[in-house]
Amino acid sequence: MCASYGLDPRFTDAELLAEADDAVLDGLRSWAEHNAGETLRPTGKNLRNLNPLVTANDGTAALEPAWWGFLVDGQPAKFPSINTRSERLQDRPGALRSRGLVPATGWFEMQKPDRIWHEFGLGRGVLFGMAAVTQRGRTPDGEWITCYSIVMRPAPPHLADIHDRMPVLIPTAFADDWLHGDPTRDLIDEALLAAAGLDERVAAAPRDDDKGAQTLF
């Protein structure tokens, strides 16, 4: 599963939206600089971080702070909710009613049994989007907020020996479809097909851990 990822403010290539929105990119860079290179992790009872999420707002892409993981009855869900399997969405496309893009410059997984961390990405300085499903939830403080879960799929053969699953990466040409398309089985099927087109570009590099602002590759 994906339980941590990075957002480096030094990104130079933005493969997030087909028509790069300066406000979104400026907001991401500002947030990442303020975050000082810290790894992005799930939100919880103790760690109350909110992470940047691109969502559809009146037909345009907008940036908002969001809770990673679902909230149920004012508390973090007792079931695993930071990731959602793509196969589940194919079986139950109703969960696709609301969606977002998680901006990242890399994500982290531990290779087992060697327990070696790896950072995955599309290359140095490349900002990309990971597919997410969203829903509204009430925080323990009573505030209503957008919650998100990163959509995961089986990893391609050249990555599977490190980790058997990976986030569904959304190419810029499909970003608008993902944010605004009808929530059907066709949408997740098309997203998986589009994501597979990026497989050859995804590479992994070993790291000491999943902390701090080490540079990918």
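**Core, sheets and helices of the predicted model**

Both Trp68 and Tyr148 are buried. In this predicted model, the rings of Trp107 and Phe128 form an edge-to-face aromatic pair, with 6.1 Å centre to centre and 80° between the planes. Trp107 lies in strand 9 (residues 106-111) and Phe128 in strand 11, so the pair ties together parts that are 21 residues apart in sequence. Trp107 is buried, with a relative accessible area of 0%, and Phe128 is likewise buried, at 1%.

The structure holds four aromatic pairs in total. The pair formed by Trp68 and Tyr148 is stacked, at 5.9 Å centre to centre and with 10° between the planes. Because Trp68 belongs to strand 4 and Tyr148 to strand 12, this pair ties together parts that are 80 residues apart in sequence. Ring pairs also bring in Tyr5, which is linked with Trp68 and Tyr148 into a cluster.

Tyr5 reappears in the nonpolar interior. The largest nonpolar core contains 61 residues, of which Tyr5 and Trp178 touch the most other members. Strand 11 supplies the largest share of this core, with seven residues. Beyond its neighbours within four places in sequence, Trp178 is in contact with residues including Leu96, Arg99, Gly100 and Leu101. Ala131, Ala132, Val151 and Ile170 are also among the contacts of Trp178, as are Leu187, Ile188 and Ala191.

Strand 11 (126-138) is mostly covered, since 10 of its 13 residues are buried. Several strands pair with strand 11. Strand 2 does so in the parallel sense, over three bridges, and Glu15 stands opposite Phe128 of strand 11. Phe128 is also the ring partner of Trp107. The pairing of strand 8 with strand 11 is antiparallel and comprises six bridges; here Gly100 stands opposite Ala132. Strand 14 runs antiparallel to strand 11 and is joined to it by two bridges, with Ile170 in strand 14 as the bridge partner of Gly129. Gly100, Ala132 and Ile170 are all among the residues in contact with Trp178.

Strand 12 is likewise antiparallel to strand 11, and seven bridges join the two. Within this pairing, Cys147 in strand 12 is the bridge partner of Gln135. Strands 11 and 12 form a hairpin with five residues between the strands, in which Gly142 takes a positive phi near 90°.

A further group of strands forms an open sheet. Its four strands have the order 1-9-10-15 and pair in the antiparallel sense. Strand 1 (5-6) and strand 15 (203-207) stand at the edges, each with a single partner strand, so one side of each has no neighbour in the sheet. Strand 15 pairs with strand 10 (residues 116-121) in the antiparallel sense over five bridges, and Ala204 in strand 15 is the bridge partner of Phe120.

Helix 1 (residues 22-35) has 14 residues, which at 1.5 Å a residue should span 20 Å; its end C-alpha atoms are 20 Å apart, in agreement with that expectation. The buried residues of helix 1 are Val24, Leu25, Leu28, Ala32 and Asn35. They cover an arc of only 95° around the axis, and therefore lie on the same side of helix 1. The face turned away from this buried side carries the exposed residues Asp22, Ala23, Asp26, Glu33 and His34. Strand 11 is one of the elements against which the buried residues of helix 1 pack, along with strand 2 (13-15), strand 3 (51-57), strand 4 (60-68) and strand 8 (99-104). After helix 1 comes Ala36, whose phi is positive, near 55°.

Helix 5 (residues 185-196) also agrees with its expected length: its 12 residues should span 16 Å at 1.5 Å a residue, and its end C-alpha atoms are 17 Å apart. In helix 5, the residues Leu187, Ile188, Ala191, Leu192, Ala194 and Ala195 are buried. Their arc around the axis is only 165°, which puts them on the same side of helix 5. Asp186 and Leu193, on the other side, are exposed. The cover over the buried residues of helix 5 includes helix 2 (86-91), strand 8, strand 12 (144-154), strand 14 (169-170) and helix 4 (172-180). Of these buried residues, Leu187, Ile188 and Ala191 are in contact with Trp178.

Terms used. Residues are numbered from 1 along each chain as its sequence is written. This is a predicted model: local features need pLDDT of at least 70, side-chain atom pairs count only at pLDDT 80 or more; totals for chains, interfaces and linings use all residues. Side-chain values use heavy atoms; hydrogens and water are left out. The expected span of a helix is 1.5 Å times one less than its number of residues. Buried means under 20% relative accessible area, exposed over 50%, partly exposed in between (1.4 Å probe, protein chains only). The arc is that of the directions from the helix axis to the C-beta atoms. Contact means heavy atoms within 4.5 Å. A nonpolar core is a set of buried Ala, Val, Leu, Ile, Met, Phe, Trp, Tyr and Cys residues joined through side-chain atoms within 4.5 Å. Two strands pair if DSSP finds at least two bridges between them. Rings of Phe, Tyr and Trp (its six-membered ring) pair if their centres lie within 6.5 Å; planes under 30 degrees apart count as stacked, over 60 as edge-to-face and the rest as tilted.
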